[in-house]
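User: Please take a close look at a single part of this model and describe it in one connected account. I would like to follow how its charged and its buried side chains are arranged, and what lies around them.

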Amino acid sequence: MMIRRPASTSIALAATTLAAALLLTACGGDSSAKGTDGKLDVVASFYPMEYLAAQIGGEHVKVTDLTAPRVEPHDLELTAKQVAAVKKAGAVVYLKGLQPTVDKAVAGSSTKHVVDAAAASPLEDHHLAEGHTEGDGHDHDGAAGDPHIWLDPTRYATVAKSVGAEFAKADPAHAEDYRKNTDDLVARLTALDEEFKAGLKDAGSRTFVTSHAAFGYLAEHYGLTQVAINGVDPESEPTPARLADVQKAAKDNGVTTIFFETLVSPKLAETVAKDLGLKTAVLDPLEGVKDPAKDDYLTVMRQNLANLRAALGATTS
């Protein structure tokens with residue numbers, strides 16, 4: 001025999017169920033943003049975005065980095081599995097224009113919570129400096145402007161705030177933790193900025209030569225001049241005229257060191273250094289970290305500072 005509930009009882013049960021659902025939504029945010037483990041499922045495009053996501057998300061997020069360690073991010077081609085991961089992510093943190101394959105995947109996804117670092121800290125054009133000859137690199141894989149905003153700690157902090165705010169929207173139940181983690185990270189980046197200011201204030205030279213025009217924001221923020229052999233694309237080839245400009249700039253400014261980086265071949269920088277009788281050293285653009293178990297953004301940036309101080313003749317202890 002079917003037992004019929006009174007209409008008033010059914011209405012009360014429905015109201016209770018609806019209220020519970022609304023409460024769950026209010027506390028948990030967008031349930032589709034979380035994985036089966038209850039964590040916010042975050043996809044980051046490459047190391048600087050992964051670092052922000054992990055530092056700000058902490059124990060409440062699961063972060064997938066689309067660019068593996070030791071892989072040059074400009075060379076990234078997404079697999080079908082990675083494209084699917086972007087589409088089902090609870091949140092995406094990327095830098096539009098740096099990796100066209102990622103841009104396409106994000107544009108084709110319905111992910112509600114997306115942080116574009118280039119929108120948080122608008123990009124600027126940076127010339128190669130000293131001559132501005134062919135290969136200035138105003139276009140970076142289709143992007144207008146230099147994408148390397150994370151090399152200025154103050155700009156990176158601005159992006160961090162956008163990440164924290166978006167995570168709080170995606171997962172309101174842990175919004176306070178995201179805010180605290182963001183504040184902690186911004187404080188560390190502010191301290192790093194002060195270290196760079198103090199460490200470079202008495203540099204004997206203000207000009208440095210690097211293989212890849214990645215350091216325009218850093219140079220601009222700390223009153224330095226970057227002379228780059230290549231444009232913002234590290235795989236580009238400089239013209240003979242560009243090489244002549246670099247050699248002249250090095251001689252005119254008393255440059256002692258030609259900087260190369262970790263994820264691309266140092267041969268070009270070594271050739272230029274040999275021709276000029278100069279030293280070589282690493283200035284890491286932090287597009288990836290070779291050994292994440294040993295290094296992170298802060299340790300690599302501090303090593304960059306030490307290498308710049310040595311090359312520029314800074315004497316502050």
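Analyst:
**Helix α7 and its surroundings**

A network of salt bridges links Asp193, Glu194 and Lys197. The model is a predicted one, and Asp193 is listed among the buried residues of α7, the helix that covers residues 175-200.

Two further ion pairs belong to α7. Glu176 and Arg179 meet through their side chains in a salt bridge, at 3.3 Å from N to O, and because these residues are 3 places apart in the helix, about one helical turn separates them. Glu176 counts as exposed, at 53% relative accessibility, whereas Arg179 is partly exposed at 44%. In the other pair, Asp184 forms a salt bridge with Lys180, with the closest N and O atoms 3.2 Å apart; here the spacing is 4 residues, again about one helical turn. Both partners count as partly exposed, Asp184 at 34% relative accessibility and Lys180 at 48%. An α-helix has 3.6 residues a turn, so residues three or four places apart point the same way. The structure as a whole holds 9 salt bridges, and one of them lies in another helix: Asp252 and Lys248, 4 residues apart in α9 (residues 240-252), meet at 2.6 Å from N to O. In that pair Asp252 counts as exposed at 53% relative accessibility, as does Lys248 at 51%.

The length of α7 can be checked against its residue count. With 26 residues at 1.5 Å a residue, the helix should span 38 Å, and since its end C-alpha atoms are 37 Å apart, the two values agree.

Which residues of α7 are buried? The list runs through the helix and comprises Ala175, Tyr178, Asn181, Thr182, Leu185, Val186, Leu189, Leu192, Asp193, Phe196, Gly199 and Leu200. The elements that cover these buried residues include β1, α2, β2, α6, α8 and α11.

Attention can now turn to the nonpolar core. The largest nonpolar core has 59 residues, of which Phe167 and Tyr297 touch the most other members. Helix α7 is one of the elements that give two or more residues to this core, alongside β1 (40-44), α2 (47-57), β3 (91-94), α5 (117-120), α6 (153-170), α8 (216-221) and α11 (297-312). The largest share, 8 residues, comes from α11.

Where does Tyr297 make its contacts? Leaving out residues up to four places away in sequence, Tyr297 touches Leu189 and Leu192, together with Tyr47, Tyr51, Trp150, Pro153, Tyr156 and Leu286. Leu189 and Leu192 are two of the buried residues of α7 named above, while Tyr297 itself falls within the range of α11 (297-312). Tyr297 is also part of an aromatic cluster, in which ring pairs link it with Tyr47, Tyr51 and Tyr156. The whole structure contains 8 aromatic pairs.

Taken together, α7 carries charged pairs such as Glu176 with Arg179 and Asp184 with Lys180, and it also has buried residues that are covered by elements including α2, α6 and α11.

Key:
Residues numbered from 1 in each chain as written. Predicted model: local features only at pLDDT ≥ 70, side-chain atom pairs only at ≥ 80, totals over all residues. Heavy atoms only, no water. Core = buried A, V, L, I, M, F, W, Y, C linked by side-chain atoms within 4.5 Å. Buried < 20%, exposed > 50% of the residue type's maximum accessible area, 1.4 Å probe, protein only. Contact = heavy atoms within 4.5 Å. Expected span 1.5 Å × (residues − 1). Phe/Tyr/Trp six-rings, centres within 6.5 Å; stacked < 30°, edge-to-face > 60°. Salt bridge = Lys/Arg side-chain N within 4 Å of Asp/Glu carboxyl O.
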